[in-house]
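Please look over the sequence and the fold before reading on. The paragraphs below begin with a single residue, move out to the chain as a whole, and then return to particular contacts.

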Amino acid sequence: VKTWRIVMIFNHSGFKVVRIKLGQLLLAMGGFLSVDIIILAVWTSSSPQKFVRTVTRENRFGVPEVSVGECSSESSVVFFGIMLVYHLLVLGYGNKLAYESRTVNTSFQESQYIALCMVSNLQVLMLGIPMIAALSDSPSTSYFVRAGIIFLNDLSVVSFLFVPKLLCWADVPGWRETDGMAAGKTVGTAGTSTTNSVSVTPAAK
């Protein structure tokens, strides 16, 4: 939602003042979150997860030797597919916003790093989901893969978003110039006989 606000402000053409308040951002965040809550609530109420134990091996007397227990529901594949499609759509929209704000100075937005997060998340999803499906019969291996997917996904997001901020805050030599945080952003009004431009620069540290 922060990137959406940057796109609405910096890519706006004309003389109309664009005001996007914090309440609008919180409302947008609540809207995205409410979709997840609704899907999970419907899933839980209509097809709750139940613990089922399946015998995978018996001895010659018919006594179970190996069994696998897991939580499952009749409509788990359907609801999981809905969740997957929704998150892929949100991921794609986030990439679109990051691309549209790519020309805005990094002092005002971090589309470069958000784009890296999006690409990293997409790679983890594209590689992790087939691995989970292929290893569904091996609980210990499947658990390790799922834990690894969550760890890599969250680590990449935190690293790409906060490490640059920490480097800037620590005033690492050469970082501001490399990252473009010392440069100004020129905002113009095109489509008029004369172009009025305002140089917007971040406040000095």
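In which helix is Val90 found? In this predicted model, Val90 belongs to helix α3, which covers residues 76-100. Val90 is partly exposed, because its relative accessible area of 30% falls between the limit of under 20% for buried residues and that of over 50% for exposed ones. Although Val90 and Phe32 are 58 residues apart along the chain, their C-alpha atoms are separated by 8.6 Å.

That pairing of positions distant in sequence leads to the chain as a whole. The protein chain contains 6 helices and 4 strands, and, read from the N terminus, these elements follow the order α-α-β-β-α-α-α-α-β-β. When contacts with a separation of 6 or more are considered, 56% of those in the protein chain join residues 24 or more positions apart. Of its 205 residues, 21% count as buried, while the surface that the protein chain exposes comes to about 14,400 Å², with carbon and sulfur atoms supplying 67% of that area.

Helix α2 offers a way into the interior. This helix takes in residues 22-46, 25 residues in total, and from its first C-alpha to its last it reaches 36 Å, close to the 36 Å expected at 1.5 Å a residue. Which residues of α2 are buried? They are Leu25, Asp36, Ile39 and Trp43, and the cover over the buried residues of α2 includes α1 (2-10) as well as α3.

Trp43 also takes part in a contact between rings. The structure holds 1 aromatic pair, formed by Trp43 and Phe79, whose rings are stacked with 5.7 Å centre to centre and 10° between the planes. Because Trp43 lies in helix α2 and Phe79 in helix α3, the pair ties together parts that are 36 residues apart in sequence. Both partners, Trp43 and Phe79, are buried.

The helices α2 and α3 appear again on the surface. A nonpolar patch there is formed by Val1, Leu22, Leu26, Met29, Phe32, Val90 and Tyr93, which together have about 610 Å² of accessible area. The elements that contribute two or more residues to this nonpolar patch are α2 and α3, and the largest share, 4 residues, comes from α2. Tyr93, like Val90 a member of the patch, has its place in helix α3. With a relative accessible area of 36%, Tyr93 is partly exposed. The patch thus brings back both Val90 and Phe32, the two residues whose C-alpha atoms are separated by 8.6 Å.

A charged contact completes the picture. Side chains of opposite charge can pair when their charged atoms come close. How many salt bridges does the structure hold? There is 1 salt bridge in the structure, in which the side chains of Glu65 and Arg57 meet at 3.4 Å, N to O. Are the partners of this salt bridge, beginning with Glu65, buried or partly exposed? Glu65 is partly exposed, with a relative accessible area of 47%, and Arg57, at 48% relative accessibility, also counts as partly exposed. The aromatic partners Trp43 and Phe79, by contrast, are buried.

How values were computed:
Residues numbered from 1 in each chain as written. Predicted model: local features only at pLDDT ≥ 70, side-chain atom pairs only at ≥ 80, totals over all residues. Heavy atoms only, no water. Buried < 20%, exposed > 50% of the residue type's maximum accessible area, 1.4 Å probe, protein only. Contact = heavy atoms within 4.5 Å. Areas by Shrake-Rupley, 256 points an atom, 1.4 Å probe, with all protein chains shown as cover. Expected span 1.5 Å × (residues − 1). Salt bridge = Lys/Arg side-chain N within 4 Å of Asp/Glu carboxyl O. Patch = residues over 30% accessible without salt bridge, like charges linked within 9 Å, V, L, I, M, F, W, Y side chains within 5 Å. Phe/Tyr/Trp six-rings, centres within 6.5 Å; stacked < 30°, edge-to-face > 60°.
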